[in-house]
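Please walk through this structure, starting from a single side chain and then moving on to the cysteines and a hairpin.

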Amino acid sequence: MTHHRDVQVRELSLAFNDLDFCYLPRAAGSAPSHCADFLCTVDASRFFSNGGHHIVFALDCEGGQGGYNPHCGPILRYGKNLWSAARGFIIFGDGAVMAEGWNGTAMPALAVIADTVGAGFDPVRHPVFTLRISAGYRRGAFANSMRIEIRLGESAKGALLFAGGIDGAAWGWSWRGGSKAAMGGIAAGFVPPVATGCVEELLPRSASHAALVMSRFKFRIHPPSTAP
């Protein structure tokens, strides 16, 4: 059995320490050969123009900040702690897309994703876009891989602006019967708790007016045959 959840519009603000994030409800799956499928519309019209650095989409979030994690103290938003381990994609203001593997250290795995479309994705020129991420686990047609598509506007059927992916065991994930996803934004002025006595200082910084509007969330785990 799988769960498919729709979530209301969420506006993320970098007013506090240049960082904001939120989680989606956990999606449960029935088979380790299935894949995680994440769909979201983003309005970044007030993000990069106000100092935002990159947008984050994380799947399979686990753990939290504190103890021996690089930030050494919790980073709380909406009552939830920032994950310590996850995998996903980040999007920059110049249209670059990278895969990121958060691993509980100050050195996450990073890889540039090549665009197979060549349409010139530019989130500043086209700030409203819809993205879809599919990520496999250790078995099945999408095993040890992540894929991303970015389309113009508010529809998953809009003009394709960017498509790419990455393969390899480092980008897969061990099956745990489900996944928790998150989205967020960060600016260059973020100050980690490790720099302030392991307690985050929620002060306005370089991008206090930057904001992201996230909507039309859909997150599920389902058979690869129904993935995009």
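**Serine 84, the cysteines and a hairpin**

In this predicted model, the side chain of serine 84 comes within 3.5 Å of a backbone atom, the nitrogen of glycine 64. Serine 84 lies in the loop that runs between β8 (80-81) and β9 (85-92). Its relative accessibility is 14%, under the 20% limit, so serine 84 counts as buried. Leaving aside residues up to four places away in sequence, serine 84 is in contact with Glu62, Gly63, Gly64, Gln65, Asn69, Trp102, Asn103 and Gly104.

One of these contacts, Gly104, leads to a hairpin. Glycine 104 has a positive phi near 75° in the hairpin of β10 and β11, where 5 residues lie between the strands. The two strands, β10 (residues 97-103) and β11 (residues 109-112), run antiparallel and are joined by 4 bridges. Within this pairing, methionine 98 has valine 112 of β11 as its bridge partner.

The cysteines come next. How many disulfides does a search of the whole structure find? The search finds 1. This disulfide is between cysteine 72 and cysteine 198, with an S to S distance of 2.1 Å. The two cysteines sit in distant parts of the chain, 126 residues apart: cysteine 72 is in the loop between β6 (52-62) and β7 (76-77), and cysteine 198 is in the loop between β16 (182-187) and β17 (211-222). A disulfide is a covalent bond between the sulfur atoms of two cysteines. Here the torsion about the S-S bond is about -115°, and the disulfide is therefore left-handed.

The two ends of the disulfide fall into separate accessibility classes. Cysteine 72 has a relative accessibility of 16% and so counts as buried. Cysteine 198, at 34% relative accessibility, counts as partly exposed, because its value lies between the 20% and 50% limits.

Why is cysteine 22 not bonded to cysteine 40? The closest cysteine sulfur to that of cysteine 22 belongs to cysteine 40, and at 8.6 Å it is too far for a bond, since a disulfide needs the sulfur atoms within 2.5 Å. Seen from the other side, cysteine 40 is in no disulfide, and its nearest cysteine sulfur is that of cysteine 22. Cysteine 22 is buried, with a relative accessibility of 7%. Cysteine 40 has a relative accessible area of 0%, so cysteine 40 is buried as well.

Key. Residues are numbered from 1 along each chain as its sequence is written. This is a predicted model: local features need pLDDT of at least 70, side-chain atom pairs count only at pLDDT 80 or more; totals for chains, interfaces and linings use all residues. Side-chain values use heavy atoms; hydrogens and water are left out. Buried means under 20% relative accessible area, exposed over 50%, partly exposed in between (1.4 Å probe, protein chains only). A polar contact is a pair of N or O atoms within 3.5 Å; within protein, one must be able to donate a hydrogen and the other to accept it, and residues adjacent in sequence count only if both atoms are side-chain atoms. Contact means heavy atoms within 4.5 Å. Two strands pair if DSSP finds at least two bridges between them.
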